[in-house]
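Trainee: Could we go through this model together, beginning with burial and then moving to the fold and the surface?

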Amino acid sequence: MSNNIDMLTLAPEIDRLHQECLSLIMATTNAQHAPCASYTPFAYMDDRFYILVSALAVHGQNLKVQPALDILLIEDESRARNIYARLRLNYQVTASPVEKGSEEHDRAITLLGQRAGKTVALLDSLDDFTLYRLTPLRATLVQGFGKAFVFDPMDLSEGAIALNDKNIDQYR
């Protein structure tokens, strides 16, 4: 990616969504590629998202067979100046389970508990719940009409590319 936009100009809104959104919306698919929209609380740690989900839920089943998914962090409707132009951040991610009892698991569960409350500890103790690490592959920040940027969330030094009608197809 070229350095069209310095990430320092986008970072405040990215950070704000990471902090203000307590849950993310996720689009998972099953082995037959049937979609499922859902949501779950998350923790953001070490440039990755951590979610605790049940294997009994459709999205939990989907993550076992299809680790590629899309997640969305979006500005609260009540804070948006225009409902069509809500600040939003999409990530294409890959999900992988985190081993219970590992240092990574314990740190992520602690952080998730600070954000989502005491229920996290209870759910983590249940056999059907798994902590997943969501590793971002590509991100798109939409700040409003005609203000969309794609970037590599794991290498912010590359900057972001402003999307337009001439280049959007190569980034979708």
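Trainee: What percentage of the 172 residues in the protein is buried?
Mentor: Bear in mind that this is a predicted model. A residue is taken as buried when its relative accessible area is under 20%. By that cut-off, the buried part of the 172 residues in the protein comes to 41%.

Trainee: Which radius of gyration does the protein have, and why does it agree with a compact globule?
Mentor: For a compact globule of 172 residues one would expect a radius of gyration near 16 Å, so the value for the protein agrees with that expectation. Along the principal axes, the C-alpha trace spans about 50 × 35 × 30 Å. The radius of gyration itself is 17 Å.

Trainee: In what order do the elements run from the N terminus on?
Mentor: The protein contains 4 helices and 9 strands. Read from the N terminus on, their order is α-β-β-β-β-α-β-β-α-α-β-β-β.

Trainee: How far apart are the end C-alpha atoms of residues 11–142?
Mentor: UniProt, in an unreviewed entry, lists this range as "domain: Pyridoxamine 5'-phosphate oxidase N-terminal". Over these residues the chain is 30% helix and 42% strand. The distance between the end C-alpha atoms is 13 Å.

Trainee: What share of the accessible surface belongs to carbon and sulfur atoms?
Mentor: The accessible surface of the protein comes to about 9500 Å² in total. Of that area, the share belonging to carbon and sulfur atoms is 52%.

Trainee: How far apart do the centres of the positive and negative side chains lie?
Mentor: The protein carries 16 positive and 22 negative side chains, each set having its own centre. The separation between those two centres is 5 Å.

How values were computed
Residues are numbered from 1 along each chain as its sequence is written. This is a predicted model: local features need pLDDT of at least 70, side-chain atom pairs count only at pLDDT 80 or more; totals for chains, interfaces and linings use all residues. Side-chain values use heavy atoms; hydrogens and water are left out. Helices (H or I, at least four residues) and strands (E, at least two) are DSSP runs, numbered from the N terminus. The radius of gyration is taken over C-alpha atoms; the globule rule is 2.2 Å times the number of residues to the power 0.38. Buried means under 20% relative accessible area, exposed over 50%, partly exposed in between (1.4 Å probe, protein chains only). Accessible areas come from the Shrake-Rupley method with a 1.4 Å probe; for residues, only the protein chains shown count as cover. Lys and Arg count as positive and Asp and Glu as negative; His and the chain ends are not counted. The place of a charge is taken as NZ of Lys, CZ of Arg, CG of Asp or CD of Glu. UniProt positions are given in the numbering used here, feature names are shortened, and annotations may be inferred rather than shown by experiment.
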